[in-house]
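Okay, thanks for making time, everyone. I'll put the model up, and then we'll go through the ligand site and a few loop residues.

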Amino acid sequence: MFAEHGGTVVNSWNEWDPLKHIIVGRADDTMVQAPEPAVQRDWSEYGFALGTYGRLPKQMEQKANEQLDNFAMILEGEGIRVDRPTPLDFSQPVQTPDWKQESMFGCMPARDLLLTVGNEMLEATMSYRSRWFEYLCYRPLLEQYFKDDPNMRWAAAPKPRLTERSYKKDYWKNFDNMSYEEQIERAKARDWVLTEAEPLFDAADVGRFGKDLFVQASTATNAAGIDWLRRHFPDHRIHPVHFLEESPVHIDATFVPLRPGLALINPDRPCLVPGLKELFEKNDWQIVDCAEPAHNKNAPLSFCSQWLSMNCVVLDTETVCVEAGETAQIKQLEHLGFDVISVPFWDASPFGGGLHCSTADVYREGTCKDYFPKQVEGF
Ligand code: ABU
């Protein structure tokens, strides 16, 4: 039973209030998932040619878990309570009455699945069949929070059908045959793999700024998913955003809040929605281009970009955790007035992302505030 916060276990409205309790994922048994309509890995140079699948190498898994455990220890050293999910056998095939999928994925990126808004923890729909059952890894924790906190709201978005209707036919085959310019043109039109047959979203496409939630349309989040979030959180303002990127997935290596009045943007991925800049300027927020990443490509067997450099975890308005090798990003954040805690994490990235991806907020001090009292019509 939690006594620390007067019996409240779940409370988090934004990305910067003082962090007291968080979930950090695990790398155990993570898979290069079997091909499915939403995602098809093609990593022949690392032993996973298109159409093949299997566990990530044990040696990589061990290093990733060492880095995840070390990150958890660093957070605990800062006085933050850390919980961990319970991995499943992700190599097993899974099925619903509509489809069978030859493997699952893993449970390292907790942020993809769990969206905490105030006293609510919401399980996202997800859009990959390999991730349909990932919520089970977090159920032991959510059940406990629900028992311990009489005011916690526990919600799960409608489980999607993920039939062929949810995906554009031959999307990836066509995508691979396109020039970069054609891919970008399609991205500008938000023409990615998902159809609008049903609401789909990943929690990591949501940027939490108090009363305002910025939701990225992406390869994992469709317009129906954003609409579902808008109706589910009627007391919030939901702003759909999208950025210039051929295959966007998750907002947290693109647009990252640091503290009231300050956010980082990825200079390679300008926002395609004019309202964003206007809203931030009107409310005296500064949007700063993040620093150059230390790497110029993904880690081997990683589906995440080098821009995990900006995928930081803010502990409070003065302290931030950043990947240890990202020296330019560290310098920039120090220059912006933060104490930076360097956390080695590059070896964990193939298992689902960066520091922010690997976590899900449970408790930050603070309440729901309006950081954007001057709104922009139609945005
Ligand atoms: N899950 C965040 C990954 C974003 C990126 O690869 O840029």
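So, start at H250: one of its polar side-chain atoms is 2.9 Å from a nitrogen atom of the ligand. Keep in mind that this is a predicted model, ligand contacts included. Two more side chains do something similar with ligand oxygens. For R269, a polar side-chain atom sits 3.0 Å from an oxygen atom of the ligand. For S305, the distance from a polar side-chain atom to a ligand oxygen is 2.7 Å. And how much of the ligand does the protein cover? On its own the ligand has 250 Å² of accessible area, and 97% of that is covered by the protein.

Who else is around? The full set surrounding the ligand is V249, H250, D252, A253, R269, C304, S305 and C357. If you like to think in residue classes, that shell splits into four nonpolar, two polar and two charged. And for anyone setting up a pocket search: the space the ligand takes up is the largest pocket.

Right, let's leave the ligand and look at some loops.

T195 is in the loop that runs between α5 (180-188) and β10 (206-209). Is T195 buried or exposed? Its relative accessible area is 18%, and the cut-off for buried is under 20%, so T195 counts as buried. Its side chain has a partner, too: a polar atom there lies 2.6 Å from the backbone oxygen of R165.

Now two residues for the Ramachandran fans. L162 has a phi near 55 degrees, which is a positive value in a residue other than glycine. You'll find L162 in the loop between β9 (153-156) and α4 (171-176). With a relative accessible area of 0%, L162 is buried.

The other one is D284, again a residue other than glycine with a positive phi, here near 60 degrees. D284 belongs to the loop between α7 (274-282) and β15 (286-289). So what about its surface exposure, buried or exposed? Exposed starts over 50%, and D284 has 66% relative accessibility, so it counts as exposed.

Put those two side by side on the screen: both have positive phi, L162 near 55 degrees and D284 near 60 degrees, but L162 is buried whereas D284 is exposed.

That's my tour. Happy to rotate the view if anyone wants to look at something again.

Notes. Residues numbered from 1 in each chain as written. Predicted model: local features only at pLDDT ≥ 70, side-chain atom pairs only at ≥ 80, totals over all residues. Heavy atoms only, no water. Near = heavy atom within 4 Å. Polar contact = N/O pair within 3.5 Å; in protein donor to acceptor, adjacent residues only side chain to side chain. Areas by Shrake-Rupley, 256 points an atom, 1.4 Å probe, with all protein chains shown as cover. 1 Å grid on protein atoms, 1.4 Å probe; cavity = no way out; pocket = protein on both sides within 12 Å on 5 of 7 lines; lining within 4 Å. Sits in = over half its atoms within 2 Å of the grid points. Nonpolar A, V, L, I, M, F, W, Y, C, P; charged D, E, K, R; others polar. Helix = DSSP H or I, 4+ residues; strand = E, 2+ residues; numbered from the N terminus. Buried < 20%, exposed > 50% of the residue type's maximum accessible area, 1.4 Å probe, protein only.
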